[in-house]
Amino acid sequence: YLEGSVKESVRCKELISGLLDFSRQKKPEMNLFNANNLVENVLNIVEKQYRKEKIEVVHMLDPNVPDVMMDTRQMEQVIINITNNAVFAMKEVAGDEHFGVHRKGVLTVGTNFHADKNLVEIFIKDTGVGISKSAVGKIFDPFFTTRKDGKGTGLGLSISYGIVKMHDGSIEV
């Protein structure tokens, strides 16, 4: 429990740092790193909590993914922000029965290498409730949230979008 508390405290510190970096548009500290290792590092931190929420976590890592230049802390934050949103959406599913199994959803996180485009993709899929077509165009806007009762700031996806763009990447929904 103490180790988990320390990890979450560090994550909170990095989130606040990320907010400050976002507001100042801090340049990424680029290093060569493997996207598979990045995904595994993040899932090692969050997977236990997701499973407690009755979310099944599926890893789909392409073994052919090469190392790429990235700011690992910033990209970890992107994955955490998006997976946390996915888990929140899946927890909103009515009841505990989902696809006939006593769970609330399935979170799939993986990688692909598109050799023809020399592109590494990190993808996150969930079985959550989805988002309305009218809201999709706003989800990366700062302070936009569909959560009620103050359960979200509307900054996670906005920060993620900024980080991905600073890495000369794209983010799609």
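1. Let me start with Glu47, which counts as buried in this predicted model: its relative accessibility is 12%, and the cut-off for that label is under 20%. Its partner Arg51 is partly exposed, at 44% relative accessibility. The two side chains meet in a salt bridge, with 2.4 Å from N to O. Side chains of opposite charge can pair when their charged atoms come close.

2. Where do Arg51 and Glu47 sit along the chain? Both belong to helix α2 (residues 35-52), and being four residues apart there, they are separated by about one helical turn. If you were hoping to find further bridges, the count comes to one salt bridge.

3. On to the aromatic residues. A search of the whole structure finds one aromatic pair. It is formed by Phe140 and Tyr161, with 5.1 Å centre to centre and 35° between the planes, and is classed as tilted. Phe140 lies in the loop between α4 (133-136) and α5, whereas Tyr161 is in helix α5, so the pair ties together parts that are 21 residues apart in sequence. Tyr161 is partly exposed, with a relative accessible area of 32%.

4. Helix α5 deserves a look of its own. Spanning residues 156-166, helix α5 has as its buried residues Leu157, Ser158, Ile159, Ser160, Gly162, Ile163 and Val164. Tyr161, by contrast, is partly exposed. Just after α5, Asp168 takes a positive phi of about 60°, a spot you may like to view in the model.

5. Now to the other end of the chain. Which residues form a nonpolar patch on the surface? They are Leu2, Val6 and Val10, and together they have about 280 Å² of accessible area. Val10 is placed in helix α1 (residues 2-24). Its relative accessibility is 39%, so Val10 counts as partly exposed.

6. Finally, the overall picture. The protein chain has five helices and seven strands, and from the N terminus on its elements run α-β-α-β-β-α-β-β-β-β-α-α. Among contacts between residues at least 6 apart in sequence, 69% join residues at least 24 apart.

7. A last word on burial and surface. Of the 173 residues in the protein chain, 36% are buried. The chain exposes about 10600 Å², and carbon and sulfur atoms supply 54% of that area.

How values were computed: Residues numbered from 1 in each chain as written. Predicted model: local features only at pLDDT ≥ 70, side-chain atom pairs only at ≥ 80, totals over all residues. Heavy atoms only, no water. Salt bridge = Lys/Arg side-chain N within 4 Å of Asp/Glu carboxyl O. Helix = DSSP H or I, 4+ residues; strand = E, 2+ residues; numbered from the N terminus. Buried < 20%, exposed > 50% of the residue type's maximum accessible area, 1.4 Å probe, protein only. Patch = residues over 30% accessible without salt bridge, like charges linked within 9 Å, V, L, I, M, F, W, Y side chains within 5 Å. Areas by Shrake-Rupley, 256 points an atom, 1.4 Å probe, with all protein chains shown as cover. Phe/Tyr/Trp six-rings, centres within 6.5 Å; stacked < 30°, edge-to-face > 60°. Contact = heavy atoms within 4.5 Å.
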